[in-house]
Amino acid sequence: MSRAVKLKNNVLQSGKTWMTLAYGSTRPPYSAARPHNGVDFIRDYTDEEAKRLGIAKSSEDIIIAADAGTVVEVQSRLAISKNPGNGILEFGNYVLIDHGGGLQTRYAHLAQNSVTVKVGDKVRKGQPIGTMGMTGKSNGVHLHFEVWKNRLRVDPMPYLIGTKDLVPKPAPAPKPPKSTVPASTSRKHTVIRGETLSAIAALYSTTVAILAAHNNIKDVNKISVGQVIKIPGASVPAAPAAKPALKPIDTIAREVIAGKWGNGADRTRRLTAAGYSATAVQARVNQLIGTK
Ligand SMILES: [Zn+2]
């Protein structure tokens, strides 16, 4: 019994394919102990037409690669044999294509000298590779097609009807990450007493060099109280990766005592913005200066 099958990934150039023997069939010469390990195809004649026309007519049918890959094995010179034997000769003339990812396809019983590809050739999906024949262990012109997954034969049909891929589909291009801060955003910082440019840079997760360049500051050690420092937008607030490592709490507490972090609500805001717990820093400050 044969049946017409609609394939997404064709193996015959005609695009119309009749499957004559399914994967796993135990019909003679196959058995439960050694079931059919591929699928057999003839061209789209009905059984009757095939009989009437003589199946040899279909030897004109061109076999195409089910998907893109590299030719890894070719046998092309065998003539039709009455006693093809077992093992590799069973296939007669054949082409084995590696699709990557552990998947290979084998096209067997090809006509003598019909193979048009050689080992190492890159083939594209649908590229002709040979002609249907009856070499090897074959009692009629047909294509015996196999799919190998990690060196084991599997049912080829899911790969041909397209529910499984022989060649993995390329992953969609990653979307550019959405910037949380528009590039045009900019902020201003008014210098308070005791503040250094490096402290301001740390506060906004930027660098002294960037701030100096952005504000046309010639001497980075000379900034004055009340001076307005423009903070470049692109780095406000910085991406997590750009965040500087936190300093030990004692260092911060001493900086607070030295007046580098300002006072009151402003100090709390700045400590929090820099990733410190204002409460914990204050507690340590109190310990250091002996306040209860
Ligand atoms: Zn077969």
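This passage describes the overall make-up of a predicted model, its nonpolar cores and one loop residue. Residues are numbered from 1 along each chain as its sequence is written. Because the model is predicted, local features need pLDDT of at least 70 and side-chain atom pairs count only at pLDDT 80 or more, while totals for chains, interfaces and linings use all residues.

The chain holds seven helices and 13 strands (DSSP runs numbered from the N terminus: H or I of at least four residues for helices, E of at least two for strands). Its mean pLDDT (the predictor's confidence in each residue, from 0 to 100) is 83, with 81% of residues at 70 or more. Among the elements, strand β8 (residues 122-123) has the highest mean value, 98, and helix α1 (residues 47-53) the lowest, 62.

Of the 292 residues, 28% are buried (20 or more other C-beta atoms within 10 Å of the residue's own; exposed means 12 or fewer, partly exposed in between, with C-beta atoms placed from the backbone). The largest nonpolar core (buried Ala, Val, Leu, Ile, Met, Phe, Trp, Tyr and Cys residues joined through C-beta atoms within 7 Å) has 34 residues, and Ile63 is one of those touching the most other members. Elements giving two or more residues to this core include β4 (62-64), β6 (93-100) and β7 (103-110). Apart from it lies another core of 16 residues, among them Trp261 and Val281.

A contrasting spot is Ala245, in the loop between β13 (228-231) and α5 (249-257). Ala245 counts as exposed because it has 5 C-beta neighbours inside 10 Å. Its C-alpha atom is 9.5 Å from that of Gly275, 30 residues apart along the chain.
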